[in-house]
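This report describes how the helices and strands of one chain are arranged. The chain is shown first, and the description follows.

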Amino acid sequence: MNNWPVVIHDQELVLRPFRYRDKSQWNKVRRINADWLAPWEATRPEVDSDNPLPTFYEMVRYYNREGRELRSISLGIWLKSESGEQFIGQITLGGLVFGAYRGGHIGYWIDKRFANQGLTTRAVRALTDYAFDELKLHRIEINLRPENEASRKVAEKSGYYFEGLRSRYLHIAGDWRDHLTFVRENPNNFN
């Protein structure tokens, strides 16, 4: 079931794990998008604020370990062209649980220069298909802030339906924020 490293192709989109050599592209895209992503990015509550954030290399090692152990699959979103691959965002299938629950949750972000082109929706669909077809997951959630209309559109266009509100669900932009929960269930009935 676990074929790490997971690489998913959708035409010119490639979802793949980060490599150490991706550091300069990662840093550049994150720097360009800092203000764009700030309202939606997870932050640490005060109780965790003394722990330093991981370096890029620590992050890559962590993502690879989590992927091999099938706890979380974090992938860069890359756009292929004749000149190579360009890093444009990130998508994660996290909180993987098997057994009776058999589910997880998807989170994502996109470089503002590539927003509103349907690329995030394609990435979510591709990762959802992988989760249903290869991992045989039953249920996947996308949790998003009510104010994030663009993310809501991605969830809906990816076939997720609104399930409900989770009050003060995640620490985002410095405080505990409400989130809307969107869900998709595997259309195949694995008994």
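In this predicted model, the buried residues of α5 pack against β5 (103–110), α4 (119–133), β6 (139–144) and β8 (175–185). Helix α5 itself spans residues 149–157, and its buried residues are Ser151, Val154 and Ala155. Viewed down the axis of α5, these buried residues fall within an arc of 95°, so they line one face of the helix. The general geometry fits this kind of pattern: an α-helix has 3.6 residues a turn, so residues three or four places apart point the same way. Just after α5, Gly159 adopts a positive phi of about 90°.

The strands form an open sheet of 8 members with mixed pairing, in the order β1-β2-β3-β4-β5-β6-β8-β7. At its edges stand β1 (8–10) and β7 (161–172); each has a single partner strand, so one side of each has no neighbour in the sheet. From one strand to the next, the twist averages 30°. Strands β6 and β8 run antiparallel and are joined by 6 bridges. Glu141 has Val183, in β8, as its bridge partner.

Two helices that pack on the sheet are listed below.

| Helix | Strands touched | Angle between its direction and that of β4 |
|---|---|---|
| α1 (residues 23–32) | β3 (73–81), β4 (84–97), β5 | about 85° |
| α4 | β1, β2 (13–16), β3, β4, β5, β6, β8 | about 45° |

Helix α4 thus appears in two settings: α4 touches strands of the sheet, including β6 and β8, and the buried residues of α5 pack against α4.

Methods: Residues are numbered from 1 along each chain as its sequence is written. This is a predicted model: local features need pLDDT of at least 70, side-chain atom pairs count only at pLDDT 80 or more; totals for chains, interfaces and linings use all residues. Side-chain values use heavy atoms; hydrogens and water are left out. Buried means under 20% relative accessible area, exposed over 50%, partly exposed in between (1.4 Å probe, protein chains only). Helices (H or I, at least four residues) and strands (E, at least two) are DSSP runs, numbered from the N terminus. The arc is that of the directions from the helix axis to the C-beta atoms. Contact means heavy atoms within 4.5 Å. Two strands pair if DSSP finds at least two bridges between them. Axes are lines fitted to C-alpha atoms, for helices over the stretch in contact, and angles run from 0 to 180 degrees between N-to-C directions.
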